[in-house]
Every structure is written in structure tokens, then in C-alpha cells.
Amino acid sequence: MALALLLSACTLKDLDYPKAPYYSNGMPTNAEWFGTFDIEWTVDRQVVDTATLYADPQFWVSHFPTDYISQVLLDNGLQTAATAAPDYNLGYTCTGYSDNAVYFSVVSDRFSYPAATAGGNCTVRLHFAPGMAVAMYDRSTDAWAGVFPIDSIAVTDPATARRTLKVVAFDPQLTLAFHSTKRKK
């Protein structure tokens, strides 16, 4: 009987975050982290490109730093040039929050973009360390940050996806990161 009283006295405190209405599938219809943000892509703390981050029930960036990847990371015997800079739907899940931050895990473990070499068209595919691509929204500064640890980059012939033209592996992983510089809206 004492145990029953003890358990009935315990209640779960209603979490006060996020303070937003939700769709039936659990995704918020509006949250303080939603918006459009200018971001800088960095490698080894050096800015290599800028882009736009769109955060709403969809979460994507306007482009990855494909020029940097093609010109710097793959410049050992196979020069590539991006033929398009496609946006990238990050597909995130909220993994937790604290008083000052909301934490996300990025679902996709790779990113591909079309490119060209002297020999013709190719596809460049970045492989992220499984489960290690994460993002964070800092509530106190209204800013985003994220990391994409790159395990390897593969260049393949799109006509025969099995024909790999080049693979660059990183050990330790190369950390491609972003941080927002300002909220656009």
C-alpha cells in the first residue's frame, strides 16, 4: 500500500520545451529554431564557403562547399568541378534539449553531387561517420552549429556506378562544420 501511495504521488513534470504546437506525427508546426540563417562552412577552423540554412519542419542547406571539396580535397590526380550545387535535405531528429540548446542528429549519412572531370561526368559522394553528423541550436544566441565528420569521398562514373574513379579516405575523419552568422528571417 505504501508503494502504491509513493507511485501515485510521483508525476511526470510537463516539459515546457519546445513551446510549439505539434503535428500528429510529433513534428512542431512552429519552433524558435525555425527560420533562415546565413552559415559559414569550415574545415580546420578555416572558412571554406558560405550558404543558407533553412530550418523548419524540413531542415536543409542551400549547398555544401562543393568547390572546396572538388578543388582541394580531390586535387590529387583527379580534378573535378561541380556541375551543380544541389541543396541538401539534412533530415534531422531532435535528440534532446537543455535550458540553452536543442540537439539534433542528422539522419542521412552521405551527400552526392554531380561533377565533371577531364574524362567526363562523374558523381562525388561524401560518406559521413555513421551517427556522428549532428547539429545544435543555441537558444541563448539564436545560432546554429553542426558537424559532418567525413570518413571518405568517392568519385564514381555515373554511367557505371560500380566503376570508382577515386576514393579519398580520412583517418581521423575530416570534420566539415558549419555555424550560423545571422538570422535572415
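This passage describes the overall layout of a predicted model and then turns to its salt bridges and to some points of its backbone.

The protein contains two helices and 12 strands, and these elements follow one another along the sequence in the pattern α-β-β-β-α-β-β-β-β-β-β-β-β-β. Of its 185 residues, 39% count as buried. The surface that the protein exposes amounts to about 10,500 Å², and carbon and sulfur atoms supply 53% of this area. When contacts between residues at least 6 apart in sequence are considered, 55% of them join residues that are at least 24 apart.

Strand S1, which spans residues 35-43, offers a view of such contacts through Thr36, a residue that lies within this strand. With a relative accessible area of 9%, Thr36 is buried, because this value falls under the 20% cut-off. Apart from its neighbours within four places in sequence, Thr36 is in contact with Thr52, Leu53 and Tyr54, and also with Lys182, Arg183, Lys184 and Lys185.

Side chains of opposite charge can pair when their charged atoms come close. A search of the whole structure finds four salt bridges, and among them are two that involve Asp38. In one of these, the side chain of Asp38 meets that of Lys182, with a distance of 3.9 Å from N to O. Lys182 lies in strand S12 (residues 164-183) whereas Asp38 lies in strand S1, so this pair ties together parts of the protein that are 144 residues apart in sequence. Asp38 also forms a salt bridge with Lys184, and here the closest N and O atoms are 3.3 Å apart. Because Lys184 lies in the segment after S12 and Asp38 in strand S1, this pair ties together parts that are 146 residues apart in sequence. Asp38, Lys182 and Lys184 are thus linked in a network of salt bridges. Within this network, Asp38 counts as buried at 18% relative accessibility, while Lys184 is partly exposed, with a relative accessible area of 47%.

Another salt bridge is formed by the side chains of Glu32 and Arg139, at 3.0 Å from N to O. This pair links distant parts of the chain, since Glu32 lies in the loop between helix H1 (2-9) and S1, and Arg139 in the loop between strand S10 (134-138) and strand S11 (143-156), 107 residues apart. Both partners are partly exposed, Glu32 with a relative accessible area of 35% and Arg139 at 26% relative accessibility.

The backbone was also examined for its less common geometries. Most residues other than glycine have a negative phi, and most peptide bonds are trans. The peptide bond from Asp171 to Pro172, however, is cis, with omega near 5 degrees, and Pro172 has its place in strand S12. A positive phi in a residue other than glycine is found at Asp44, where the value is near 50 degrees. Asp44 lies in the loop between S1 and strand S2 (46-55) and counts as exposed at 64% relative accessibility. Asp142 likewise has a positive phi, near 55 degrees, and lies in the loop between S10 and S11. With a relative accessible area of 27%, Asp142 is partly exposed.

Conventions. Residues numbered from 1 in each chain as written. Predicted model: local features only at pLDDT ≥ 70, side-chain atom pairs only at ≥ 80, totals over all residues. Heavy atoms only, no water. Helix = DSSP H or I, 4+ residues; strand = E, 2+ residues; numbered from the N terminus. Buried < 20%, exposed > 50% of the residue type's maximum accessible area, 1.4 Å probe, protein only. Contact = heavy atoms within 4.5 Å. Areas by Shrake-Rupley, 256 points an atom, 1.4 Å probe, with all protein chains shown as cover.
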